[in-house]
Amino acid sequence: MTHYPETSAFFRKLRWEYPRITHGKGSWVFDDAGTAYLDACGGAFVSNLGHGVAEIADAMAAQAKKLAYVSGMTLTHTAVEEFAAELAKLAPGDLDKVYPLSSGSDAVEAALKLARQYWAELGQPSKQKLVALTPSYHGNTLLALSASAREHYKTLYKGWLVDVERAPAYDADALALAIQRVGSENIAAIIIEPVGGSSSGALVPPTGYLRRVRAMCDKHKILFIADEILCGAGRTGTWSALEPDEVVPDIQVLGKGIAGGFAPLAAVIAPTRIVDVFAQGSGALVHAQTFSHHAVSCAAGTATLRYLAKHKLVERCAQMGTKLHESLKTLRALPHVGAIRGRGLLAGIELVDDAATGAPFPRAQHVAETLTRVALDKGLIVWPNIGHTNGTDGDLVMLAPPFIVTDDELDQIVQRLGNAIATTVKQLSVRT
Ligand SMILES: Cc1ncc(COP(=O)(O)O)c(C=O)c1O
């Protein structure tokens, strides 16, 4: 274990005792004291293949030995073209052009700029407003944060953020009203997580919602951006979380699991019909980042996509996801467990003060943070989230185990989580 300021690292949390992880294998990571932790959330929904997959490491090493990096400004390489070709095969509908970046926030920024520039190229510069949902999360850079409904991340930076129109998550009538308020002639894009991520605890939209969004976007000539950074890449049991609804977005954004955590990699995917507007207009997207189209990251992405296909891991995610959700039902018997949501190997478990009314714990009790610590001390890594009820209150933890998780590991996840919830509730009653 270590904590700030014991080392030179500027840790993400400055009052947290960090296990120092030395290596990982499958669903497990191990610290320098030999303690094993069951990684039930793939870090931050990233390690979809599990840890320590030599095949991916070998592909990256081979690429790095040949060519690690050249700038996408003037040069290209087969690593990016192979990755783009593999990803395009999986992308929904006519989406076929892939712009690789390093993080989800980068990719959301690029996708939103792409939408705004698209309308400018078509001679409709007034179409620049964005519509997004509450709750939602799209990233932490300032435009992506503007689109996000994460009040506690935004408060300090309010003066730097742009105004984004909001509608309550997965309410199609409310979205129609939001479009009316702004005027479709002023709207560039609507950005939506097809299945909610951590901000909503894996909220799944009602059947028909995504189709209505598609119809509204068609009618009003608004681009539909699917933010699948968390729910995509197989996480909900299909490659795209839009597949069950048979909806095709105009732009898809992927990240997190697409390189399994072996490299920081994200992607904006758009159809030729959109990219052609740029090709025949100004000639380029007005956006640039040094590490876009990175050769080693792309090699990690290609190797990950091939590994998923070779071992049929998205299908496995669907199967194991059904088991996970069945088994999570046992947690409902515990006091203070609220809604349990999700699809595939993605689940959100809400902790509430009053299970009958769903009333949240007061924020001052720090329930999600306490539960995460208790779970970690019991050898289980879960992902906490706060604020989904009203921007401040609302505690939940998320599960997103690797697609290679075994039956026994799934049982252990649910058992350890149940124990951690019971311990947390006991600690709370001692405190209050
Ligand atoms: C849906 C969604 N979009 C965007 C992001 C931002 O991705 P990153 O943290 O890689 O910048 C996240 C991260 O959690 C996310 O869940």
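These exercises, each with a worked solution, concern a predicted model.

**Exercise 1. The seven-stranded sheet**

Find the strand order of the open sheet with seven strands, then name its edges.

Solution.
- The order reads E4-E10-E9-E8-E7-E5-E6, and the pairing is mixed.
- The edge strands are E4 (95-101) and E6 (165-168), each of which pairs on one side only.
- On average, neighbouring strands are turned by 20° against each other, direction ignored.
- Now take one pair in detail. E9 (residues 251-254) and E10 (residues 266-271) run in the antiparallel sense, with three bridges.
- Leu254 faces Ala267 of E10 across this pair.

**Exercise 2. Helices on that sheet**

Determine which strands H3 touches and which strands H9 lies across.

Solution.
- H3 packs on the sheet and touches E4, E9 and E10.
- The direction of H3 makes about 135° with that of E4.
- H9 (residues 272-280) lies across E4, E8 (223-227), E9 and E10.
- Relative to E10, H9 runs at about 90°.

**Exercise 3. The crossing of H3 and H10**

Describe how H3 and H10 cross, and classify the residues in their contact.

Solution.
- Start with the axes. Those of H3 (residues 78-90) and H10 (residues 295-310) come within 8 Å.
- The crossing angle is roughly 35°, and the crossing is left-handed.
- Next, list the contact. H3 contributes Ala79, Val80, Glu82, Phe83, Glu86, Leu87 and Leu90.
- H10 contributes Ala295, Cys298, Gly301, Thr302, Leu305 and Arg306.
- Sort these residues by type: eight are nonpolar, two polar and three charged.

**Exercise 4. The four-stranded sheet**

Why is one side of E1 and of E14 left without a neighbour in the sheet?

Solution.
- Write down the order of this open sheet: E1-E2-E3-E14, with mixed pairing.
- E1 (21-25) and E14 (380-381) stand at the edges with a single partner strand each, so one side of each has no neighbour in the sheet.
- Check the pair at the E14 end. E3 (residues 36-39) and E14 are parallel, joined over two bridges.
- Here Asp39 is opposite Ile381 in E14.

**Exercise 5. Around the ligand**

Identify the atoms of Gly104, Tyr137 and Asp227 that approach the ligand, and give each distance.

Solution.
- First collect the surroundings. Residues around the ligand include Ser103, Ser105, His138, Glu193 and Lys256.
- Gly104 places a backbone N or O atom 2.8 Å from a ligand oxygen atom.
- Tyr137 has a polar backbone atom 3.4 Å from a nitrogen atom of the ligand.
- Asp227 uses its side chain: an N or O atom there is 2.7 Å from a ligand nitrogen atom.

Methods: Residues are numbered from 1 along each chain as its sequence is written. This is a predicted model: local features need pLDDT of at least 70, side-chain atom pairs count only at pLDDT 80 or more; totals for chains, interfaces and linings use all residues. Side-chain values use heavy atoms; hydrogens and water are left out. Axes are lines fitted to C-alpha atoms, for helices over the stretch in contact, and angles run from 0 to 180 degrees between N-to-C directions. A crossing is left-handed if the near helix is turned anticlockwise from the far one by less than a right angle, and right-handed if clockwise. Contact means heavy atoms within 4.5 Å. Ala, Val, Leu, Ile, Met, Phe, Trp, Tyr, Cys and Pro count as nonpolar, Asp, Glu, Lys and Arg as charged, and the others, Gly among them, as polar. Two strands pair if DSSP finds at least two bridges between them. A residue is near a molecule or strand if one of its heavy atoms lies within 4 Å of it. A polar contact is a pair of N or O atoms within 3.5 Å; within protein, one must be able to donate a hydrogen and the other to accept it, and residues adjacent in sequence count only if both atoms are side-chain atoms.
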